[in-house]
Amino acid sequence: MAKTRFPPGTMLYPLPAALVTCAWGGACNVLTISWIGTVCTDPPMLSVSIRPERHSYEMVRQSGEFAVNLPGRDMARAVDFCGVNSGRDVDKFARLGLATERAAEISAPLLAACPVNLECRVTEVKELGSHHMFLARVLAVWAEERLLNEKGLLRLGKAQLLAYCHGQYRALAEPLGSFGFSVRKKDGRRKS
């Protein structure tokens, strides 16, 4: 199949559409971030990349902490609003009626409507160019109880999380298989 070459760019999609909350100096803000990723399992770490001119940048830089709030598909409008409006100009919590919950390990609030929340503490900042990447350790994870099965295992697919794909918010599609399905025998055991 024929392909067209494009100039180098960030064409890694889809990405999570997350709402990041932060607090510093008596102020709080929420911003939409899709430049986010897993960094390490042990210790659990992730990264978020923020432009220095964003209102939340200094809050995260000065406080050294933030929360990643994973919204469900029912929050698509709020996710978009928080991405196109600055906390310098509007109180997004008040405008959208976003209820917050107190975090256990950090001062930034958690968004009550998001089915999953991750409390994070910054360990390093990498100034890369247009964005600075905040590497952070995950201190606590909160998940709605409706996402747990009878054994207490997290079933994140039930959260109906959003994804961001080249300018569009998308709902995740139906599962195509689970990890390791390509090597399992029909009886559920792993092939050797």
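**Exercise 1. Find the partner of strand β2 in the seven-stranded sheet, then place the helices against the sheet.**

Step 1. Start from one pair: β2 and β6 are joined in the antiparallel sense over three bridges. The model used throughout is a predicted one.

Step 2. Look for a facing pair of residues. Thr21 stands opposite Ala67 in β6.

Step 3. Extend the pairing to the whole sheet. The sheet is open, has seven strands with antiparallel pairing, and follows the order β3-β2-β6-β9-β10-β5-β4. Its edge strands are β3 and β4, each of which pairs on one side only. On average, neighbouring strands of this sheet are turned by 35 degrees against each other, direction ignored.

Step 4. Add the helices. α1 packs on the sheet and touches β2, β3, β5, β6, β9 and β10. The direction of α1 makes about 60 degrees with that of β2. α2 lies across β2 and β3, and runs at about 110 degrees to β3.

**Exercise 2. State which residues of helix α1 are buried and what covers them.**

Step 1. Locate the helix: α1 spans residues 55-63.

Step 2. List the buried residues. They are Ser56, Tyr57, Met59, Val60 and Ser63.

Step 3. Identify the cover. It includes the strands β2 (18-24), β3 (27-33), β5 (45-50), β6 (65-70), β9 (116-127) and β10 (132-143).

Step 4. Check the residue that follows. Gly64, just after α1, takes a positive phi of about 70 degrees.

**Exercise 3. Decide whether Ser47 and Leu118 are buried or exposed, and list their contacts.**

Step 1. Place the residues. Ser47 lies in strand β5, and Leu118 lies in strand β9.

Step 2. Apply the cut-off: a residue is buried under 20% relative accessible area. Ser47 has 10% relative accessibility, so Ser47 counts as buried. Leu118 has 15%, so Leu118 counts as buried.

Step 3. List the contacts, leaving aside neighbours within four places in sequence. For Ser47 they are Trp35, Ile36, Gly37, Val39, Met133, Phe134 and Leu135. For Leu118 they are Leu46, Phe66, Ala67, Val68, Leu70, Val138, Ala140 and Val141.

Step 4. Take one contact of Leu118 further. Phe66 is 52 residues away from Leu118 along the chain, and their C-alpha atoms are separated by 8.6 Å.

**Exercise 4. Describe the three-stranded sheet.**

Step 1. Give the order. This open sheet runs β1-β11-β12 with antiparallel pairing.

Step 2. Find the edges. β1 and β12 (168-171) each have a single partner strand, so one side of each is left without a neighbour in the sheet.

Step 3. Examine one pair. β1 and β11 pair in the antiparallel sense over two bridges, and Pro16 stands opposite Ala163 in β11.

**Exercise 5. Describe the largest pocket and the second largest pocket by volume and lining.**

Step 1. Give the volumes. The largest pocket holds about 710 Å³ of space, and the second largest has a volume of about 320 Å³.

Step 2. Describe the lining of the largest pocket. It consists of 30 residues, with Pro16, Leu70, Leu156, Leu161 and Leu172 nearest the centre. β1 (15-16), β4 (36-40), β5, β6, β9, β10 and β11 (162-165) are the elements that give two or more residues to this lining. β4 gives the most, with four residues. By class, the lining has 24 nonpolar, five polar and one charged residues.

Step 3. Do likewise for the second largest pocket. Its lining has 15 residues, of which Thr32, Ile33, Ser34, Trp35 and Arg54 lie nearest its centre. β3, β5 and α2 (76-84) each supply at least two of the lining residues. By class, seven are nonpolar, five polar and three charged.

**Exercise 6. Locate the cis peptide bonds before Pro14 and Pro43, and the positive phi values of Gln160 and His166.**

Step 1. Take the prolines. The bond from Tyr13 to Pro14 is cis, with omega near -5 degrees; Pro14 is in the segment before β1. The bond from Asp42 to Pro43 is cis, with omega near 5 degrees; Pro43 lies in the loop between β4 and β5.

Step 2. Take Gln160. Its phi is near 50 degrees, a positive value in a residue other than glycine. Gln160 is in the loop between β10 and β11 and, at 46% relative accessibility, counts as partly exposed.

Step 3. Take His166. Its phi is positive, about 50 degrees, although His166 is not a glycine. His166 is in the loop between β11 and β12 and is exposed, with a relative accessible area of 52%.

Note on methods: Residues are numbered from 1 along each chain as its sequence is written. This is a predicted model: local features need pLDDT of at least 70, side-chain atom pairs count only at pLDDT 80 or more; totals for chains, interfaces and linings use all residues. Side-chain values use heavy atoms; hydrogens and water are left out. Buried means under 20% relative accessible area, exposed over 50%, partly exposed in between (1.4 Å probe, protein chains only). Contact means heavy atoms within 4.5 Å. On a 1 Å grid over the protein atoms alone, a cavity is a set of points where a 1.4 Å probe fits but cannot get out, and a pocket is an open set with protein on both sides within 12 Å along at least five of seven lines; lining residues have an atom within 4 Å of a point. Grid points are joined across faces, edges and corners, and a volume is the space filled by probe spheres set on the points. Ala, Val, Leu, Ile, Met, Phe, Trp, Tyr, Cys and Pro count as nonpolar, Asp, Glu, Lys and Arg as charged, and the others, Gly among them, as polar. Two strands pair if DSSP finds at least two bridges between them. Axes are lines fitted to C-alpha atoms, for helices over the stretch in contact, and angles run from 0 to 180 degrees between N-to-C directions.
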